[in-house]
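Student: I have not looked at this structure before. Could we go through it one question at a time?

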Amino acid sequence: MDSHSKTYEQFCWVKQKNIIMEETEKMNKLVLELLSLSKYKQKMFEKTKEENISIRSFVQGVINSMNPILKENSIEIDNTINKKLIGRTDIEKASTVLSNYINNAISHTNMYRKIVISCEEKTNTYRINVFNT
């Protein structure tokens with residue numbers, strides 16, 4: 001085997017190794033996401049720890065926790081929820097859901113780079129709306 005063939009063979013081996021490493025990394029991420037989803041689903045069936053909250057303050061707390069990603073993406077959030085609204089929820093689970101909605105809105109903002117969060121009263125409940133403009 002000449003040196004050119006050997007070099008080409010080494011190149012192919014390295015390329016194959018890199019592809020295998022990339023695919024392994026993708027699979028690892030997928031497995032971690034599935035584990036995370038499984039844990040989330042398991043928590044959904046656990047007994048909730050509901051408590052009374054100021055809806056506006058709760059939403060603002062979630063927004064504040066996301067400030068780094070909002071600044072990084074130059075996105076402004078307008079929390080239009082009335083300060084007087086009091087609700088009852090499991091803060092941990094509601095935070096997870098609201099964070100997911102906000103992350104989704106961040107991913108789909110348009111050139112105006114603004115998200116509006118509002119709250120509407122329904123029968124015996126409130127609905128928090130996350131709207132990307």
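Student: Is leucine 98 buried or exposed?

Tutor: This is a predicted model. Leucine 98 lies in helix α4. Its relative accessibility is 5%. Buried means under 20% relative accessible area, so leucine 98 counts as buried.

Student: What separation is there between the C-alpha atoms of leucine 98 and isoleucine 63?

Tutor: Leucine 98 and isoleucine 63 are 35 residues apart along the chain. In space, their C-alpha atoms are separated by 9.1 Å.

Student: How far does α4 reach from its first C-alpha to its last?

Tutor: α4 has 17 residues. At 1.5 Å a residue, 24 Å is expected. The reach in the model is close to that, at 24 Å.

Student: Which residue caps the N-terminal end of α4?

Tutor: The contact involves the backbone nitrogen of glutamate 92. A side-chain oxygen lies 3.2 Å from that nitrogen, and it belongs to aspartate 90.

Student: Where does threonine 109 lie, and is it buried or exposed?

Tutor: Threonine 109 lies in the loop between α4 and β4. Its relative accessible area is 12%. The cut-off for buried is under 20%, so threonine 109 is buried.

Student: With which side chain does the side chain of threonine 109 make a polar contact?

Tutor: A polar atom of the threonine 109 side chain lies 3.3 Å from the backbone oxygen of isoleucine 106, but that partner is a backbone atom. The side-chain partner, at 2.9 Å, is arginine 113.

Student: How many bridges join strand β4 to β5?

Tutor: β4 covers residues 114-122, and the two strands run antiparallel. Isoleucine 115 stands opposite asparagine 132 in β5. The number of bridges joining β4 to β5 is 8.

Student: Which residue takes a positive phi in the hairpin of β4 and β5?

Tutor: The hairpin has 2 residues between the strands. The phi in question is near 60°, and the residue is asparagine 124.

Student: What volume does the largest pocket have?

Tutor: The largest pocket has a volume of about 470 Å³. Of its 19 lining residues, the closest to the centre are Phe58, Thr89, Ala94, Tyr126 and Ile128. Elements giving two or more residues to the lining include α4 and β5. The volume asked for is about 470 Å³.

Student: How many residues of each class are in the lining of that pocket?

Tutor: The classes are nonpolar, polar and charged. For the lining of the largest pocket, the counts in that order are 10, 4 and 5.

How values were computed. Residues are numbered from 1 along each chain as its sequence is written. This is a predicted model: local features need pLDDT of at least 70, side-chain atom pairs count only at pLDDT 80 or more; totals for chains, interfaces and linings use all residues. Side-chain values use heavy atoms; hydrogens and water are left out. On a 1 Å grid over the protein atoms alone, a cavity is a set of points where a 1.4 Å probe fits but cannot get out, and a pocket is an open set with protein on both sides within 12 Å along at least five of seven lines; lining residues have an atom within 4 Å of a point. Grid points are joined across faces, edges and corners, and a volume is the space filled by probe spheres set on the points. Helices (H or I, at least four residues) and strands (E, at least two) are DSSP runs, numbered from the N terminus. Ala, Val, Leu, Ile, Met, Phe, Trp, Tyr, Cys and Pro count as nonpolar, Asp, Glu, Lys and Arg as charged, and the others, Gly among them, as polar. The expected span of a helix is 1.5 Å times one less than its number of residues. A polar contact is a pair of N or O atoms within 3.5 Å; within protein, one must be able to donate a hydrogen and the other to accept it, and residues adjacent in sequence count only if both atoms are side-chain atoms. Two strands pair if DSSP finds at least two bridges between them. Buried means under 20% relative accessible area, exposed over 50%, partly exposed in between (1.4 Å probe, protein chains only).
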